[in-house]
Structure formats: C-alpha cells, structure tokens
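Me: Hi! I'd like to get a feel for a protein model. Can we look through one together?

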Amino acid sequence: MLLVTSRETKRWVIPKGNPEAGMTPHLAAALEAEEEAGVRGAVCPVPLGSYRYRKRRKTGASLMFDVDVFPLAVQQELPEWKEDSQRERRWFSLDEAAKAVEESDLADLIRSFGASEFNRAARRKTMLSAISDKTRVTSMFAWFQRLLPSQGNFFDLFEAHAVAVVAAANAIGRAFEGGSALAENIREIDEREGEADDVIREVLTTVRRTFLTPFDRGAITSLIGSMDNAIDEMQSAARAIDIYEVGQFEPGMRDIAGIIVDAARLTAEAMPLLRDVGRNGARLHELTGRLVRMESHADEVHAAGLKRAFQDYAKSDSVRFMVCREIYKHLERIVDAFEDVANEIDGLVIDHA
C-alpha cells in the first residue's frame, strides 16, 4: 500500500481532499491520489469504508472530518507530480502501513484490505504433519502417506486461476483509461484468458482422476467455472473494443472497470482462505458480501450509463449507441460472474464452516 506524508506534520497518511463541485467521490479520490502521490490507476467507485480524523484549519479551529476510502489499483507512478516537493511517498506492506498511520479506524481499514492473518490461518497443517510435529516420528508415516488416495492440488489451481483473473482485470482497468497502450492491454487480456483456460483444463482433469476431493466435485467445477466466466467476459469486452475500434470510454464504463479490478482482488484474497473454510468462514463471508454489494452498485452504474448513452447518441449517432450498449453488456456480465463466484464461495462456507 502506498502512503504519503502530510505537508505540515510529515506523518504518514493516505491521499485525500474535498471533491470539486459536480465530481463524484471516487473520481475526486483518484485526482487527489495523482496530485498528492503521483499515481494513476483504476479506482473502484465502491468505498472500502470510512474513518474520522481531526484537522486543524487555517482559522485555528480543529475540526473532525469523515473520509470515505476508495481502493485504487496503481498502474502508473509519475516521476514528477503536483506536490512532489511537499510530500514523500513510500510503499508499505499492509501490516507496516496499518502501524504507520495514526488513525485507528484507518489502520483497521488497511488491515481489512487484505488481512494477512487470514492468509496465515489458511495454511492449515495436515493431520499427519501435526502428528509428526508432536511425536517427532516422521519416517514412520512416509510410507503411509504414499498409500493414501490423491486429493489433488485444487487449492493451488484455484489460486493460479485467480492470478490470471487479477492480471486480466488490471489490464481491463488500464484499457478503459484509453491511450496509446490500449492494444497492448487488449493483447494481455487475451493472453491471460489463455492462461486461465490451461488452469481450468487441469482442474477438470484432476477432478476426474482424483479419488478424494476437498469439496464436492460439482462445487469445485462450479467455482472454477464462475471464475472462468469472468475472465471470458473480459476477453469478450476487449475484443469488442478492438472490433469496434473504441478509443474513448464513457465515465460509467471506467467506473465499472474500477469495480472489476477490485472484485478480482477480493476473489484472489478469498482463494487461499478456502484451504481452511471452517476457520476462515467469517472472512470469506465478508469478502463475498463486498462482491455482492459491488455487483449491485455496478448495476446502477450500468443503467445510468446506458441511459446517458441513449440520450447522447440514440438519435444523432445510433452506431455509437449500439457500440456503447455492447461494451456495457460485457462489463455487466463480468461483474455478474464475480457475484456468481461469491455465491459459490458462500455455498462452500455453508457446507463446510
């Protein structure tokens, strides 16, 4: 996580400020990030949460302010920016960032962004390894472990697929910013979809060959299938952009792209937690709840964006309206697929937690 120093006290903070008239909060947050930290990227319009802090005004008054926090996937660090002479910027691990800031509510938000303690909890020891640690008799069990039916490497495959999904989502975020790198981003999405296809083929093969599976076979294929649907729709969106030679994107499209980037991040965080659903059920439920809320918000953005496109282009440029509708359709389907992922994970929590 990137933090910056405040101008007066030089303490570590996140970029923030007051939105300009008519500017939506998340775009205001992205503007502040560029001006104060010199970074650009896809911003998710759904806030992580909020925190309160006290700020001294030029009048001498010390007032409380509520800050909504929006996640931004950094895709570009500028060598020079508006406040580079007034602030220092530095990358921290999540734990270090939480300790560096003074506001306890902000520290909690940082920890919730990708809580490492849950990832550690996900690395559960097997029954045999636990016995081995206690008894110090390791060779005794070696032959026995070789006789056990294979359980497959499904968790590794889930996580590998999530890596491809996150990479494609980040490319989506960059693509919808437009610019000269659009073709390269489209190419990366296509390549990442190919990587995901390799993983899902391995999952299906492993399901057929494995005697014992950690979850019901149908649940395994449904989960990986919903993840694959998300990256398939990313590829469809990218190909539509290429076919229709779209170079500029509507604000609503960029907003949904920001949601997609953050939804992919949440999905990737959830995958290691599936190694111990019982212990990580609460965290998994929190992550899926966020995904569902984000899908609902994306629906609102989609409806508003489509209406605006109709008003702007339906009469004067019907072809452009149809292209906008096509792009919005694919973006909506991507977010819908992430909601399906959330539902599949919730099903596993219900069955195994």
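Reply: Happy to! Let's begin with a term: accessible areas come from the Shrake-Rupley method with a 1.4 Å probe. On that basis, the chain exposes about 18500 Å², and carbon and sulfur atoms supply 50% of that area. Keep in mind that this is a predicted model.

Me: Thanks. How many helices and strands does the chain have?
Reply: There are 12 helices and seven strands in the chain.

Me: And what share of the residues is buried?
Reply: Of the 353 residues in the chain, 46% are buried.

Me: What about contacts between residues at least 6 apart in sequence, how many of them join residues at least 24 apart?
Reply: That share is 74%.

Me: Switching topic: how many salt bridges are there?
Reply: The count comes to 28 salt bridges. One of them joins the side chains of Glu 191 and Arg 187, at 3.1 Å from N to O.

Me: Where do Glu 191 and Arg 187 lie?
Reply: Both are in helix α8, which covers residues 182-209. Glu 191 and Arg 187 are four residues apart, about one turn of the helix.

Me: Is Arg 187 buried or exposed?
Reply: Arg 187 counts as exposed, because its relative accessibility is 60% and the cut-off for exposed is over 50%. Its partner Glu 191 has 43%, so Glu 191 counts as partly exposed.

Me: Got another pair for me?
Reply: Sure, try Asp 262 and Arg 265, whose side chains meet in a salt bridge of 2.8 Å, N to O. Both sit in helix α10 (residues 251-273), three residues apart, about one turn of the helix.

Me: Buried or exposed, what is Asp 262?
Reply: Asp 262 is buried, with a relative accessible area of 7%. Arg 265 has 18%, and since buried means under 20%, Arg 265 is buried as well.

Me: Which residues are linked with Asp 262 in a network of salt bridges?
Reply: The network links Asp 262, Arg 265, Glu 269, Arg 283, Glu 286 and Arg 290. Within it, the side chains of Arg 283 and Glu 269 meet in a salt bridge of 2.5 Å, N to O. Arg 283 lies in helix α11 (residues 277-313) and Glu 269 in helix α10, so this pair ties together parts that are 14 residues apart in sequence.

Me: And how accessible are Arg 283 and Glu 269?
Reply: Arg 283 has 2% relative accessibility and counts as buried. Glu 269 has 8% and counts as buried too.

Me: Let's move to helix packing. What do people use to describe two packed helices?
Reply: They use the angle between the axes and the distance between the axes. For α10 and helix α12 (residues 318-352), the angle is about 20 degrees and the axes are 10 Å apart.

Me: Why are α10 and α12 called roughly parallel?
Reply: Because angles under 35 degrees count as roughly parallel, and the angle between α10 and α12 is about 20 degrees. The crossing of α10 and α12 is left-handed.

Me: Which residues make that contact?
Reply: On α10 they include Ile 256, Ile 259, Ile 260, Ala 263 and Ala 264. On α12, among them are Leu 331, Ile 334, Val 335 and Phe 338.

Me: How do α11 and α12 cross?
Reply: Their axes come within 8 Å and cross at roughly 165 degrees. The cut-off for roughly antiparallel is over 145 degrees, so α11 and α12 are roughly antiparallel to each other. The crossing of α11 and α12 is left-handed.

Me: Last topic, some alanines. Where does Ala 164 lie, and what does it touch?
Reply: Ala 164 lies in helix α7 (residues 154-175) and is buried at 2% relative accessibility. Leaving out residues up to four places away in sequence, Ala 164 touches Arg 192, Glu 195, Ala 196 and Ile 231. The C-alpha atoms of Ala 164 and Glu 195 are separated by 6.5 Å, with their positions 31 residues apart along the chain.

Me: And Ala 257, which helix is that in?
Reply: Ala 257 lies in helix α10 and is buried, with a relative accessible area of 1%. Again leaving out residues up to four places away in sequence, Ala 257 touches Ile 172, Gly 173 and Phe 176. The C-alpha atoms of Ala 257 and Arg 174 are 8.7 Å apart, though the two are 83 residues apart along the chain.

Notes. Residues are numbered from 1 along each chain as its sequence is written. This is a predicted model: local features need pLDDT of at least 70, side-chain atom pairs count only at pLDDT 80 or more; totals for chains, interfaces and linings use all residues. Side-chain values use heavy atoms; hydrogens and water are left out. Helices (H or I, at least four residues) and strands (E, at least two) are DSSP runs, numbered from the N terminus. Buried means under 20% relative accessible area, exposed over 50%, partly exposed in between (1.4 Å probe, protein chains only). Contact means heavy atoms within 4.5 Å. A salt bridge is a side-chain nitrogen of Lys or Arg within 4 Å of a carboxyl oxygen of Asp or Glu. Axes are lines fitted to C-alpha atoms, for helices over the stretch in contact, and angles run from 0 to 180 degrees between N-to-C directions. A crossing is left-handed if the near helix is turned anticlockwise from the far one by less than a right angle, and right-handed if clockwise. Angles under 35 degrees count as roughly parallel, over 145 as roughly antiparallel, 65 to 115 as roughly perpendicular and the rest as oblique.
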